[in-house]
Amino acid sequence: MHLAALHTPSQIQLNQNNNLKHFLTIEGLSRATLTKILDTAQSFINDQNQLITTPLLEGRTVMNLFFENSTRTRMTFEAAAKRLSANVLNIDIARSSTSKGETLRDTLWNLEAMAADVFVVRHSSSGAAHFIAETVSPNVAIINAGDGRHAHPTQAMLDMLTIRRETAKKFEDISVAIIGDIKHSRVARSDIAALQTLGCRDIRVIAPNTLLPCGFSEYGEGIRLFNKMDQGVQDCDVIITLRIQNERIDSPALSSQAEFYKMYGLNKERLALAKPDCIVMHPGPMNRGVEIDSAIADGPQSAILHQVTNGIAVRMAVLALAMQGQLQEKGLLEAITI
Ligand code: CP
């Protein structure tokens, strides 16, 4: 699929009033739009740090279309939609008629005919969510829940919410290290785009050359590349560790997992090189003893499970804002007020 042939990200994601109506990628969205998502997500967390429930999407139907496995994203989208009082339908792809030769287009059109308002889509092909947004009726909001190695925008926004809540520092003032398999990671791509848009000026990417994408220097301002982990994590405020995406690697990028742990595993000694209040994040699923030591994953600086909870708030925000954008497009904005 050639993304260049499709509409640019901002054209397709925003309505005529510049409000979100699909959420496919971070690229092309403004700092104001990302901040609105973060502020809306924060509004769904009360003073006791608990998620609220609200009937904002009562009567609306959210369909989860997961063509690739997921634990966190799928469950937190379902939890988010239910906290907004939406009807939630999950298609079981393995038991669907795609196994009888039905095309993706036909599956989508049939699901759309079941009065879907939102499709939450995960797919192993980069560009799948974009393709679906171009294929189905514009009245259905498409939210990308991870497509190939391209983008995972709600993960990026829950990571940004976690950084904002845990560090209480401005994005301009923090140093963020992202460690591991950057080349095959949609999370790394979306995190970097979100950090840049929100004003972060010190993004350190730490990886062996075999796990860096070609043309990495084109990633833009504020990014520094480190092959040596001890140098990269020095005085960081945030460390994001990433799993090696074996399912997307054709030829061996590493000699062994043990070698990777030796060179790039986050352990106590390496974390001690960062700022004393540095937080540790991981999008999951984690491979303990490969990219991160269990003592760090379960330790006092870990924000990993907070990321999961923040994911519900962010996904509530994205569902509500995209639905609001769709209704605004149809002149029905008064139906929802956030
Ligand atoms: N972070 C993430 O996308 O996890 P899942 O694959 O479990 O959804």
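**The ligand site and the two domains**

In this predicted model, the ligand is surrounded by Ser-70, Thr-71, Arg-72, Thr-73, Arg-122, His-152, Gln-155, Pro-283 and Gly-284. By residue class, this shell comprises six polar residues, two charged residues and one nonpolar residue. The ligand itself sits in the largest pocket.

Three of the surrounding residues may be examined through their polar atoms. At Thr-71 the backbone is involved: one of its N or O atoms lies 2.8 Å from an oxygen atom of the ligand. Arg-122 takes part through its side chain, where an N or O atom is 2.8 Å from an oxygen atom of the ligand. The side chain of Gln-155 instead faces a nitrogen atom of the ligand, with an N or O atom at 3.0 Å. The protein buries 92% of the 260 Å² that the ligand exposes when taken alone.

The site may next be placed within the chain as a whole. The protein chain is divided into domain 1, which covers 4-151 + 308-335, and domain 2, which covers 153-303. Domain 1 contributes 36 residues to the contact between the two, and domain 2 contributes 28 residues. Taken over C-alpha atoms, the centres of domain 1 and domain 2 are separated by 26 Å.

Both domains also take part in surrounding the ligand, as each of domain 1 and domain 2 supplies at least three residues of the shell. Read against the domain bounds, Thr-71 and Arg-122 fall in the 4-151 segment of domain 1, whereas Gln-155 falls within 153-303 of domain 2.

Note on methods
Residues numbered from 1 in each chain as written. Predicted model: local features only at pLDDT ≥ 70, side-chain atom pairs only at ≥ 80, totals over all residues. Heavy atoms only, no water. Near = heavy atom within 4 Å. Polar contact = N/O pair within 3.5 Å; in protein donor to acceptor, adjacent residues only side chain to side chain. Areas by Shrake-Rupley, 256 points an atom, 1.4 Å probe, with all protein chains shown as cover. 1 Å grid on protein atoms, 1.4 Å probe; cavity = no way out; pocket = protein on both sides within 12 Å on 5 of 7 lines; lining within 4 Å. Sits in = over half its atoms within 2 Å of the grid points. Nonpolar A, V, L, I, M, F, W, Y, C, P; charged D, E, K, R; others polar. Domains from an automatic or database assignment. Contact = heavy atoms within 4.5 Å.
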